[in-house]
Each structure stands twice: as C-alpha cells, then as structure tokens.
Amino acid sequence: MSYARHFLDFQGSSIAKFMQKLVVTQLSPNFREAITLLRDSPVPLPGDGDLLVRNRFVGVNASDINFSAGRYNTSVKVPFDAGFEGIGEVVALGLTASAKYTIGQAVAYVTPGSFAEYTVVPAKIAIPVPSVKPEYLTLLISGTTAYISLKELGELSEGKKVLVTAAAGGTGQFAVQLAKKAKCHVIGTCSSTEKSVFLKSIGCDLPINYKSENVGAVLKREYPEGVDVVYESVGGEMFDLAVNALAIKGRLIIIGFISGYQTPTGLSPIKAGTLPSKLLKKSASVKGFFLNHYFSEYQKAMDHLLKMYESQELVCEVDLGDLSPEGKFTGLESVFRAVDYMYMGKNTGKIVVELPHSVNSKL
C-alpha cells in the first residue's frame, strides 16, 4: 500500500486495530432504540485521498434522530454509521492526501460516521483548524447554517426586527449574534432564566422565556407592526406564533422543527390551512433552508466564521454537559445522554461530546 508508511500516529505508537462506534441498527426516531454501541469495530483504513482522523470532540444535532429514523434517505438500509461532525487529529493518511495534510494536524469535518473513535474523512472536505478546540466544532453545522441562511434568505439590514426561536441553542446563538452584527434588533425565545441571561450576554435585545411568558402576547405588545425576519427551528405552536408575528413583507426561514422530530412522522402539527391567507395578507413568505443545498457557499461561510471567532467577534458557546445530572458528556456511551439532554431543552449553546484518547485501546 502506497500509504503504509503513514500508519504511525503522531506520537509514534501504533494506531488501534479496533475501536468503538455508534451504528444505526434499527430505524427509529428514538435514539436509544435505533443505535447500538459497537465496541470491537475494525479501525477503517484511509484510501489514497483520505485522512484517518482520531476524533476528540463530536457534535450532537437535533437531526441525529431524523438520520437514525432514515428520514433523509428513504431507501437507506441498516446498519449505517451515526453522527455528522467531528474534530480531531490526523493519525494516518493516503499518499495524495499527504500533499496537503500531515500527521498530527488538527482538522474538523462534516461527514456521516463521526460518532466513532476514528473516522475516515476525504481530504477534499476536511477543514484545517488551528487546534482541536470544541469551539471550532460549533461552526461546522450550527454556525454555517445561521450564516448562510441569513445571508441568502434573510435580507438583513440595519434596524430590521429579527426573531430567533430556540435562540440559546446550538444554531440560535449564531443567528442572534449575526443579526446583531447586521445592526438588527433581535428578539430570542428560550426556556429558562439562565438562558435569558446568556442571550443578553451575546447581545439579544429582548429574550422571551416561553415557560414564564406568553410569546404571542409579548410580540403583539412590543412589536405591533410585526417582525421582519424569523429564524425558526422549533415548529408546531412556535411556528404558528411566528407566522402571526410577521410584519408586512416579513420572511420566515425554516431551519427545522425540533418539536416534531421525536414523533413517528417527524412533524409537529401547524395551522397550515390558514397559512396561504396569512401570507397573502402581509405579502409575507416562508422559506425552507437545508444546508446540503448550499455547499457552494460553505467554505466562504466557514472561513468568515473562523476569522470572526479568532478575532473575538463571535461567541461559540459549547455545552459539554457539565450541568447535566450525570455530569460531563465523555465517551461515546454519553452520546445517548447528550441527545436526551437536547430534547429536554436543557442545553445552552452547542452540545459537544468529548472522546478522551483511550489508553487501553486494543492494538
């Protein structure tokens, strides 16, 4: 094999032959039902244009349970690997890949199969990062989703009123900050006093705690003319409230509808029957945004966000589970807890799981 000489990790010791990984073994939106933790899976070999990355941090996304339910590809057959994004060190690589990458280099990536100790990543989609920090991971999906959708669909300009739902979550935190950078007035919904305090700290003008306040009433009272843009990821009742709050020529961007993902259909009921009439009366619009359709903009967005973070213009809030009942999310087995934590609405910022390097990996 042309790349055999690269099969030493950067500390000069052999790469493990076996690893742990999470695999979808049954299609279900119930993550615990769908996923099996394999403890003795062979470590994959990188092809000529690939990197073998030893994952240090992996990101948890609301859509992990859509993926485990087979909703993105109806013809998918189990078993298949879970997890979308990771960051770690290159520990082996193919000959062609070695033209641009080296052993020990820190890289981040978006590719299925990140819930594993090692992942093969095509070099052409890897993202070199200055170091293996979980903050960089927050930008890969959550940050770029906010950046590209608001840039392409939001038509933000100074003084516009922007409503962000689930504003203290993984992607909401970036929508709030990017809208503020565009000199907009930002309103953010959240579920606790602590999250309201966090939202204030990143510049949100009006946090609304939906557990203690009536969102519809607050919006009607504070913004009788309505809001210009909504960054919406909750769905169901929150979607209906947001549509009602749109100003004339207002734009609602659908990033997701997390309130429905755990149901058998993956949907949360909305008042769809009255939607055409409501939009017509306001010359308003509802647009969907799916990151996969905007990959032509991805690299530019990622570069911009990395620069913003490096120059301390952007807060990348990471939730490693320190406040969860069983403590920090460490090791692949804690991905299950991390998904539960997200669906209980407990996280502030992006949920990230740390994978400490095992000292007793089977060689």
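**Entry 1: helix H3**

I take a residue as buried when its relative accessible area is under 20%. With that cut-off I turned to helix H3 of this predicted model. I found 18 of the 21 residues of H3 to be buried, so the helix is largely enclosed by the rest of the structure.

I then looked up the length of H3, which covers residues 134–154. From its first C-alpha to its last, H3 reaches 28 Å, close to the 30 Å expected at 1.5 Å a residue. I also noted a kink of about 50° in H3, centred on leucine 140. Glutamate 155 follows H3, and I recorded a positive phi for glutamate 155, near 45°.

**Entry 2: the record**

I consulted UniProt, where an unreviewed entry lists residues 30–353 as "domain: Enoyl reductase (ER)". In the model, I find this span to be 30% helix and 25% strand. The end C-alpha atoms of residues 30–353 lie 19 Å apart.

**Entry 3: an open sheet**

I next examined an open sheet of three strands, whose order is S2-S1-S4 and whose pairing is antiparallel. Which strands stand at the edges? They are S2 (35–42) and S4 (80–81). Each of these has a single partner strand, so one side of each is left without a neighbour in the sheet.

I looked more closely at the pairing of S1 (residues 18–24) with S2, which run antiparallel and are joined by six bridges. As one example I noted valine 24, whose bridge partner in S2 is isoleucine 35. As general background, I recall that strands of a sheet pair through backbone hydrogen bonds, either parallel or antiparallel.

**Entry 4: strand S12 and its partners**

I moved to strand S12, residues 227–232. Is S12 largely enclosed or left open by the rest of the structure? I found six of its six residues to be buried, so S12 is largely enclosed.

I then traced the pairing of S12 with two strands. S9 (residues 161–164) and S12 pair in the parallel sense over three bridges. S12 and S13 (residues 246–254) also pair in the parallel sense, over five bridges.

Valine 229 serves as a useful marker here. In S12, valine 229 is the bridge partner of valine 162. In S13, the bridge partner of valine 229 is arginine 251.

I also followed the chain from S12 to S13. S12, helix H7 (residues 236–244) and S13 make a right-handed β-α-β unit.

**Entry 5: cysteines**

How many disulfides does the structure hold? I found zero. Cysteine 184 is in no disulfide, and the nearest cysteine sulfur, that of cysteine 204, is 12 Å away. Cysteine 204 is likewise in no disulfide; for cysteine 204 the nearest cysteine sulfur is that of cysteine 190, 7.9 Å away. I compared these separations with the limit for a disulfide, which is a pair of cysteine sulfur atoms within 2.5 Å.

I checked the accessibility of both residues as well. Cysteine 184 counts as buried because its relative accessibility is 3%. Cysteine 204 is buried, with a relative accessible area of 3%.

**Entry 6: isoleucine 65**

Last, I looked up isoleucine 65, which lies in helix H2 (residues 64–68). Its relative accessible area is 2%, so isoleucine 65 is buried. I then noted a contact in space with a remote part of the chain: tyrosine 261 is 196 residues apart from isoleucine 65 along the chain, and their C-alpha atoms are separated by 7.0 Å.

How values were computed. Residues numbered from 1 in each chain as written. Predicted model: local features only at pLDDT ≥ 70, side-chain atom pairs only at ≥ 80, totals over all residues. Heavy atoms only, no water. Helix = DSSP H or I, 4+ residues; strand = E, 2+ residues; numbered from the N terminus. Expected span 1.5 Å × (residues − 1). Bend = angle between axes of the 7 residues up to and from the residue. Buried < 20%, exposed > 50% of the residue type's maximum accessible area, 1.4 Å probe, protein only. Pairing = 2+ DSSP bridges. Right-handed = clockwise from strand over helix to strand, strands pointing away. UniProt positions renumbered as here; feature names shortened; annotations may be inferred.
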